[in-house]
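Subject: Structure handover and notes

Dear colleague,

Here is the structure I promised to pass on to you. Please open it alongside this message, since the notes below refer to residues by name and number.

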Amino acid sequence: MPTSVKQGDLALLEHPFSRELLTSQIPARLAYVWTDGTPRVVPIWFHWNGKEVVMASPPKAPKLKALAKNPQVAITIDSNTFPHKVLSIRGSVRLQTLNEIVPEYIAASERYFGPEQGKAWVNQLRGMVSSMVRITMTPEWVGLLDFQTRFPSALSA
């Protein structure tokens with residue numbers, strides 16, 4: 001994908017580095033605004049369905065109160081090796097309570113742990129929660145850095 005695709009363009013989600021990060025075992029970092037107006041960032045598992053980032057949470061998680069009040073969020077998925085790749089996505093979330101483990105969470109657990117351990121984790125989780133909240137983020141802005149062809153704006157000419 002040419003570097004002519006500008007930061008902010010949703011087409012960056014199709015870049016090979018974006019696809020690599022969206023299918024990686026690296027947790028996303030979810031940034032949101034707490035109810036008192038202060039910022040928060042939490043690591044969170046996610047599932048990319050090809051057009052939305054889907055996360056999940058137990059229904060008593062404090063972040064759900066803040067997300068219901070202000071659905072504007074940002075996530076970043078950063079590689080752990082040099083040269084670092086950084087995918088940043090901004091958008092809005094929708095919350096939906098399900099009377100089951102969120103299916104995308106099951107898919108994420110198998111991606112992070114592997115099929116066998118992922119299934120074991122979900123079975124254990126079923127004994128702890130009977131419902132979950134699906135947090136669906138619709139991308140509105142996308143940024144990608146690879147520190148080879150795409151640099152932060154402060155380093156660009």
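The notes below take the strands, then the core, then the charged pairs and finally the aromatic rings.

Please bear in mind that this is a predicted model, in which local features need pLDDT of at least 70 and side-chain atom pairs count only at pLDDT 80 or more, while totals for chains, interfaces and linings use all residues. Residues are numbered from 1 along each chain as its sequence is written, and side-chain values use heavy atoms, with hydrogens and water left out.

**Strands**

Helices (H or I, at least four residues) and strands (E, at least two) are DSSP runs, numbered from the N terminus, and two strands are taken to pair if DSSP finds at least two bridges between them. A good place to begin is strand S4, residues 53–57, where five of the five residues are buried; buried here means under 20% relative accessible area, exposed means over 50%, and partly exposed is in between, with a 1.4 Å probe and protein chains only. Val53, Met55 and Ser57 point one way from S4, while Val54 and Ala56 point the other way, and all are buried.

S4 is joined to strand S3 (residues 47–48) by two bridges, and these strands run antiparallel, with Val54 as the bridge partner of His47. S3 and S4 form a hairpin with four residues between them, and Gly50 in the turn has a positive phi of about 100 degrees. S4 is also joined by five bridges to strand S7 (residues 132–145), again antiparallel, and there Ser57 stands opposite Val133.

The pairing continues through S6, which is joined to S7 by 13 bridges in the antiparallel sense and to S5 by seven bridges, also antiparallel. Ser88 is a useful landmark in S6, as Ser88 stands opposite Thr76 and also opposite Gly143 in S7.

**Core**

In soluble globular proteins, nonpolar side chains tend to be buried together. In this model the largest nonpolar core (a set of buried Ala, Val, Leu, Ile, Met, Phe, Trp, Tyr and Cys residues joined through side-chain atoms within 4.5 Å) has 41 residues, and those with the most contacts inside it are Ile77 and Ile89. The largest share of this core, six residues, comes from S7. If contact means heavy atoms within 4.5 Å, and residues up to four places away in sequence are not counted, the residues that Ile89 touches include Leu13, Leu22, Val53, Ile75, Met137 and Trp141.

**Charged pairs**

A salt bridge is counted when a side-chain nitrogen of Lys or Arg is within 4 Å of a carboxyl oxygen of Asp or Glu, and by this rule the count comes to five. One of them joins the side chains of Glu20 and Lys85, at 3.7 Å from N to O. Because Glu20 lies in helix H1 (residues 16–22) and Lys85 in the loop between strand S5 (72–78) and strand S6 (86–98), this pair ties together parts that are 65 residues apart in sequence. Glu20 is partly exposed, with a relative accessible area of 39%, whereas Lys85 counts as buried at 14%.

Another salt bridge is formed by the side chains of Glu52 and Arg94, at 3.1 Å from N to O. Glu52 lies in the loop between S3 and S4 and Arg94 in strand S6, so this pair ties together parts that are 42 residues apart in sequence. Here Glu52 is buried, with a relative accessible area of 16%, and Arg94 is partly exposed, at 45%.

**Aromatic rings**

Rings of Phe, Tyr and Trp (its six-membered ring) pair if their centres lie within 6.5 Å, with planes under 30 degrees apart counted as stacked, over 60 as edge-to-face and the rest as tilted. A search of the whole structure finds four aromatic pairs. Among them, Trp45 and Tyr112 are stacked, at 4.9 Å centre to centre and with 10 degrees between the planes. This pair links distant parts of the chain, with Trp45 in the loop between strand S2 (39–44) and S3, and Tyr112 in helix H3 (residues 103–113), 67 residues apart. Trp45 and Tyr112 are both buried.

Best wishes
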